[in-house]
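Notebook open, structure about to go up on the screen. I'll jot things down as I look them up.

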Amino acid sequence: MSTTRPYSPGDRGPEPGGASGASEGGVPGTGESEGGGVSAVMGAPVPASAGASASSSAGQAAAPAAPGPVSEGEGEGGRQVRVLSFEDASGVVPLARDFTREALYAWGWLPSATADQRAAAEDVLLVVSELVTNACLHAEGPDELRIAFERKVIRLEVSDRGNGQPAPRTPHRAGRPGGHGMFIVQRLCLDWGVLRTPGVAGKRVWAELGAPG
């Protein structure tokens, strides 16, 4: 298995608003897909409850319902993993966001007690949107979303069957339509890259984000 990281993760400064879409292959992005979908989730099955590990504070919304049956596995060191299959699903971007939001409630990132915590959760949701959108635009759609949480770091992995190489468009121009997706990922994440298995079509694009101190 090989790891490719053609660009440095960059700083974590704020990204200009309104940027969406991804830049694998340099094709302009179109934003999120619409519509509902049915998800199949894999992993060690355990009972799931919305926001089980997070209590709502006054004036804040309760945890949203999961987009489908949720399964969760626990690895060594308390590592939590959730996996969402996109097989036969439509509206995969909002589906992925709902699935990720449910995980953030279960793992205590939501509801947010401070502005920094709220920003960290919003960054995770934005990166999920960009990775899934990139797979839709340039890899015939995503196969699976895997979310893992361990030691204040969330790792996102989106698998697809595409052979292209995701990369931020260089030079980046904020006013140019499309091509912002991987630039946003690079700016917001601690690190990101691509995993491939020799002899197997497709790839996994991964990104890691840290919780606020």
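I started at Leu156, which stands opposite Ala207 in S8. The pairing behind this is between S6 and strand S8 (residues 203–210): they run antiparallel and 8 bridges join them. Note to self: strands pair if DSSP finds at least two bridges between them. Strands (E, at least two residues) and helices (H or I, at least four) are DSSP runs, numbered from the N terminus.

Before going further, I wrote down what I'm looking at: a predicted model, where local features need pLDDT of at least 70, side-chain atom pairs count only at pLDDT 80 or more, and totals for chains, interfaces and linings use all residues. Residues are numbered from 1 along each chain as its sequence is written, and side-chain values use heavy atoms, with hydrogens and water left out.

Next I checked the other neighbour of S6. Strand S5 (residues 142–150) pairs with S6 in the antiparallel sense, over 8 bridges. I picked out one bridge there: Glu144 has Ser159 in S6 as its partner. The S5–S6 hairpin has 2 residues between the strands, and Arg151 takes a positive phi near 55° in it.

Is S6 enclosed or open? Strand S6 (residues 153–160) has 7 of its 8 residues buried, so it is largely enclosed by the rest of the structure. Buried means under 20% relative accessible area, exposed means over 50%, and partly exposed is in between (1.4 Å probe, protein chains only).

Then I looked up the largest nonpolar core. A core here is a set of buried Ala, Val, Leu, Ile, Met, Phe, Trp, Tyr and Cys residues joined through side-chain atoms within 4.5 Å. This one has 40 residues, and Val127, Leu131, Leu145, Ile154 and Leu156 touch the most other members. Elements giving two or more residues to this core include H2, S5, S6 and S8. As background, nonpolar side chains tend to be buried together in soluble globular proteins.

What does Leu131 touch, beyond its neighbours within four places in sequence? I found Leu156, Val158, Met182, Val185, Val205 and Ala207 in contact with Leu131, contact meaning heavy atoms within 4.5 Å.

For contrast I tried Asp116, in helix H2 (residues 115–138). Asp116 counts as exposed because its relative accessibility is 57%. Asp116 and Gly213 are 97 residues apart in sequence, yet their C-alpha atoms are 8.7 Å apart.

Last, I zoomed out. I noted 3 helices and 8 strands, in the order β-β-β-β-α-α-β-β-α-β-β along the sequence. Of the 213 residues, 47% count as buried.
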